[in-house]
Amino acid sequence: MDKVIMAENLSLAYSSDETIINKVKFSINSGSFVFITGASGSGKSTLLKSLYGGLKPKEGSLIVGGVELRGISSSKLNFLRKHIGIVFQEYKLVKEWTIEKNIRLPLIINGYEKSVTQTQVDSLLKHVRLKHQAGKFPLELSGGEQQRVAMARALAHNPILILADEPTGNLDDYSAELIWNLLVGANEQLKTTVIVVTHHIPEHIKVDYKHYHIEFGRINEVN
Amino acid sequence: MKSIRNHLSLVIALVSILFSIQIFIIVDRSIDAYKENLASNYSVVVVSKMILDANATLNSNKIISEISNLTPDSVIERLNTGMSAKNVELLKLTLPKFYKIKLKYYPTPDEINLLTEKLLQNNSIIKVENFSHNHDTTYKLLLLFKNVISVFSISMLVVTVLLILKELKIWQFKHNERMTVMGLFGAPVWMRSAVLFRLAIVDALIASAFAFILFSIISTDAWVLEQFKYIGIEVVAFDPVYDFLTLTLIAIFLSIVLATLIVLGHKEEV
């Protein structure tokens, strides 16, 4: 099976004197669903950040989608990010744009034509049950609704990889359920690799997943 | 409303800069026009033992535009108390020759001194009257006026640049989030900063339009025209094509510099 992520002797750090992830080795198969858990401050969000090039490896090698992230140029990083969908706990929506425009963003960046983007955006708005809110701005929506917009944005360009950092951390049950269904749906129907960083794996989730746990800077495979 | 306020703060800062630049241009033009006016009324008087070669004198210094004879007839006429025509002719021959030298432009005190020295190198010339005291006073007054306006324009420029830098911080904060999010989805730098550059150019065009209206009114104002008339000069206070283009280019240049600084100072917060 193809590996979408390969890490070899990978160390991550924000400063030279404190290493968060220490010389780890792991790989993730294409099309898999992965949970990364760990205590607060264990480095799980740091690891996720490194996967989209938000933090460059201090040491070792990290290959995502066939692209080596150590010493990566900004144009290569942009190319890689065009194929990744990211969901943050704090949504990271552009406040001065309508939710429709927020969802359209990855499609514009990927150079899709307006007719295509409109069909895709309409379909995604229907999926996240926000069709009636299309013209609203993020701050006019609840936290759950904003996260659904962020989820729709992450799925818009059919990425090969979805990275989600505590995607349901602050959400009501209804929105959380919807987010999990969308992530599982993308994984099962589109074969998108999904990596979710979370404190707790939802008990009711109906997908075959891999579980990694981070502790003391090391990554351990749980199942 | 907030967006209009954000636009206005940059537009006002840009208009202030354009205002100080155009005021400086007007003052510079007025001084040049006044200098021209002074130059046409100013001349140097040369006294020579012998008749001067007009062409050689003209070529001796590039600021000389014209050399003409000053006839002593009127003086001799006043002194003539029954002198014979022959004696008058003899007197004329023995009298030194007087010349009036006109200059191409109003010279600086240094240029005047240089010209005097150069003329005195001619052995025939015994005296050069350059009216240096009057000339120096007028020239220094002009210089003082120009310096005062320059200092005023520079201080205005500094204050507005500081205002723009403050504006830059607000813009940086405002656009950082959008640029970061776009970067997370792989947008190249030009795409991330396109909105910023578009806004900056729109603000520059708005500021130029304001400046155009403002200076069109000022340049046709009767009071302003009257002031120029009093001094005896004709000045184009605002050329609707040349000046407008200059101000627009300056405004666009400044706002592009501003936008570039924001893009360069952008730190991806992920």
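This is a conversation about a predicted model containing chains A and B.

Trainee: What does the secondary structure of chain A come to?
Mentor: Chain A contains 6 helices and 10 strands.

Trainee: And how much of chain A is buried?
Mentor: Of its 223 residues, 44% are buried.

Trainee: What share of the contacts in chain A is between residues 24 or more positions apart?
Mentor: Such pairs account for 69% of the contacts with a separation of 6 or more.

Trainee: Turning to the interior, which residues have the most contacts inside the largest nonpolar core?
Mentor: They are A:M151, A:A152, A:I162, A:L163 and A:I195, in a core of 69 residues.

Trainee: Which helix gives the most to this core?
Mentor: That is helix 5 of chain A, residues 143–155, which contributes 6 residues.

Trainee: Let us take A:L163. What does A:L163 touch?
Mentor: Leaving aside residues up to four places away in sequence, A:L163 touches A:L48, A:L51, A:Y52, A:I84, A:I86 and A:I195. The last of these, A:I195, is also among the residues with the most contacts inside the core.

Trainee: Which residues does the second core include?
Mentor: It is separate and has 27 residues, among them B:I164, B:V235, B:A259 and B:I262.

Trainee: A change of topic: how many residues of chain A are in contact with chain B?
Mentor: There are 13 from chain A, in contact with 11 from chain B.

Trainee: Which helices of chain A each supply at least two residues of that side?
Mentor: Helix 2 (74–81) and helix 3 (99–109) do.

Trainee: And how do the residues on that side of chain A divide?
Mentor: The division is 7 nonpolar, 2 polar and 4 charged.

Key: Residues numbered from 1 in each chain as written. Chains lettered and ligands numbered in written order. Predicted model: local features only at pLDDT ≥ 70, side-chain atom pairs only at ≥ 80, totals over all residues. Contact = placed C-beta atoms within 7 Å. Helix = DSSP H or I, 4+ residues; strand = E, 2+ residues; numbered from the N terminus. Nonpolar A, V, L, I, M, F, W, Y, C, P; charged D, E, K, R; others polar. Core = buried A, V, L, I, M, F, W, Y, C linked by C-beta atoms within 7 Å. Buried ≥ 20, exposed ≤ 12 C-beta atoms within 10 Å, placed from the backbone.
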